[in-house]
Amino acid sequence: MATTTNSYMSYVTGKASGVRRLDYFRRPVYLLGFHVYKPPENWAVSWEELQEIGKKQFAHKDEKIRTFNYKIAENAGVRKDGAYLPPGITQAKWGKPIDRTILSARTEAEEVMFTCVREILSEKGMKPRDVDMIVVNCSLFNPTPSLAAMIINHFKMRSDIIVYNLGGMGCSAGLISIALVNELMQCHPNCRALVVSTENITQNYYQGTNRSMSIPNHLFKVGGAAMLVSNKGRDRRVAKYQLMHTVRSHIGSKDQAYECVFQQEDNEGYTGVKLDKTLMTVAGEALKKNIEVLGSVVLPLSEQIKYVWDQFLRKKMGKRKDRPPYVPNFKKAFDHYCFHAGGRGVLDAMLENMSLTEDHMKPSRQTLHHYGNTSSSSVWYELAWMESYGRVKKGDVVWQIAFGSGFKCNSAVWRALKNNKKLHRAWTTESEKPLLSRSYKGIETESLLEREEGAEELADAHYGLEAMNSFRSSFRRRRRQGSSEEGDALIKKSK
């Protein structure tokens, strides 16, 4: 389902305006709560320290490249007094080499995900076994076992839990996860789902000299969020929001859109993510596709009539081709906006094209300034900022929208079920509680050559030959027992 709605009137107007993949879901989906991660202060890196890391670790000998990086950092919109990077990167402040191993990347992932999951379950008074579904998204770090398996193992969740692990879907994957849970919950009643959105910086901090690939170093920082979603009727009284609409748009069939955000190796062999100059143009096209559909399902009736009539004349009658399309007034549909904090340029473009005010953009700008681009979790930092400042009132409508590689644009619309005024830890001076245990189990303490077993024993242990032989012998015994029992039964009948 590309578009879903909880309003029958929105379903009718969407169909009337020609939305093809539009589904009306009758089972309500509620957001019970969410927690966004606040990195420890020893993960913070000042502007001066970041420059020192660059001098010691990177091959930026060309003065033009160093000047370029300086200008990008100056205009990125991220604060200079302590943006957060993982310890594998920050240890370079003390002259140690950058640690980009899987162990270091797992350490970052565990710290972020386990803390968020622990806090949201504790806040809602739930146990890990109360979770029926889990969806985890991380674009660039996808180890085996998966990140979802790491959470299940650490919190000892049930064996019948429904599990999805999404990778490579970029900064919009968090809203894709919400849409996926929404669709799953239409098939599975009385369920609670845990959605975890994060991005891993450790193995994706670029160390080369390519300009387009060095831009993410100045934007992407550590972050993550865990959301608890339910379709149980009795959870409505404790829920904070109800999901009203989801819209997903993908324009990856065009080469320009597909290649504008691309993970690759440079000429020197360094791996990174290239951000092409066409990114803003592609993002604008994806946004247009998304709001064309969104406008037909969320706008009030007066705006919908204008919008549907304009679309009808263009698509069905072939008129108004020489005129710009009608831009609806989305301020009549939404009270709050959570625009993905992808960069200052992205937010400036949204401000201009959507005819909004700086006050509407403040949650996004504050998130970008304080935490940088935290990828798929950025829209939740923005919602946490709104709640911390008491902006969300009962009945308010919140629009979350994010862009992602591929290229995608995804939206989720929520309606507040109560006055949501909660002081989130991420927007205070309070620190997260430390993790008491970790779950990494991938280190071999001794090599195979140091073991006493021979090659045959090692093969049995790794390929399971001993277990397979045991199963075969057990199966043969059961067949012999079954044959003897059938023979005894035949003898008794003959007598």
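**Close-up views of a predicted model**

**View 1. Helix α7 is largely enclosed by the rest of the structure, because 13 of its 13 residues are buried.** The model shown here and in the other views is predicted. Helix α7 covers residues 173-185. From its first C-alpha to its last, the helix reaches 18 Å, close to the 18 Å expected at 1.5 Å a residue.

**View 2. Strand β8 is mostly covered and has pairing partners in β6 and β9.** The strand spans residues 192-198, and 7 of its 7 residues are buried. Both of its faces are covered. Arg192, Leu194, Val196 and Thr198 lie on one side, while Ala193, Val195 and Ser197 lie on the other. With strand β6, residues 133-137, the pairing is parallel and runs over 5 bridges. Valine 196 of β8 is the bridge partner of valine 136. With strand β9, residues 224-230, β8 pairs in the antiparallel sense over 7 bridges. Here arginine 192 stands opposite serine 230 of β9.

**View 3. Helix α14 is mostly covered.** The helix is made up of residues 378-388, and 11 of its 11 residues are buried. Among them are the tryptophans Trp380 and Trp385, the glutamates Glu382 and Glu387, and the serines Ser378 and Ser388. Val379, Tyr381, Leu383, Ala384 and Met386 are also buried. Just after the helix comes glycine 390, which takes a positive phi of about 65 degrees.

**View 4. Lysine 240 is a buried loop residue.** This lysine is found in the loop between β9 and β10. Lysine 240 has a relative accessibility of 7%, under the 20% cut-off, and therefore counts as buried. What does lysine 240 contact, leaving aside its neighbours within four places in sequence? Its contacts include Leu31, Leu32, Gly33 and Phe34. Arg415, Ala416, Leu417 and Lys418 are also in contact with lysine 240, as are Asn420, Lys422 and His424. A further contact is Glu387, one of the buried residues of α14 in View 3. Lysine 394 lies 154 residues from lysine 240 along the chain, and the C-alpha atoms of the two are separated by 9.0 Å.

**View 5. The largest pocket has a volume of about 1,100 Å³.** Its lining consists of 49 residues, and those nearest the centre are Leu219, Phe220, Val261, Leu275 and Leu279. Elements that give two or more residues to this lining are the helices α3 (63-75), α8 (211-219), α10 (279-298) and α12 (344-353), together with the strands β11 (261-265), β12 (271-275) and β14 (397-404). Which element gives the largest share of the lining of the largest pocket? That element is α8, with 7 residues. By residue type, the lining divides into 24 nonpolar, 19 polar and 6 charged.

**View 6. The second largest pocket holds about 530 Å³ of space.** The pocket is lined by 18 residues, of which Val19, Arg20, Ser249, Lys289 and Val293 are the closest to its centre. Two or more lining residues come from each of β10 (241-250), α10 and α11 (301-315). Helix α10 gives the most, with 4 residues. The lining of the second largest pocket divides into 5 nonpolar, 7 polar and 6 charged residues. Helix α10 also gives two or more residues to the lining of the largest pocket, shown in View 5.

Methods
Residues numbered from 1 in each chain as written. Predicted model: local features only at pLDDT ≥ 70, side-chain atom pairs only at ≥ 80, totals over all residues. Heavy atoms only, no water. Buried < 20%, exposed > 50% of the residue type's maximum accessible area, 1.4 Å probe, protein only. Pairing = 2+ DSSP bridges. 1 Å grid on protein atoms, 1.4 Å probe; cavity = no way out; pocket = protein on both sides within 12 Å on 5 of 7 lines; lining within 4 Å. Points joined across faces, edges and corners; volume = space filled by probe spheres on them. Nonpolar A, V, L, I, M, F, W, Y, C, P; charged D, E, K, R; others polar. Expected span 1.5 Å × (residues − 1). Contact = heavy atoms within 4.5 Å.
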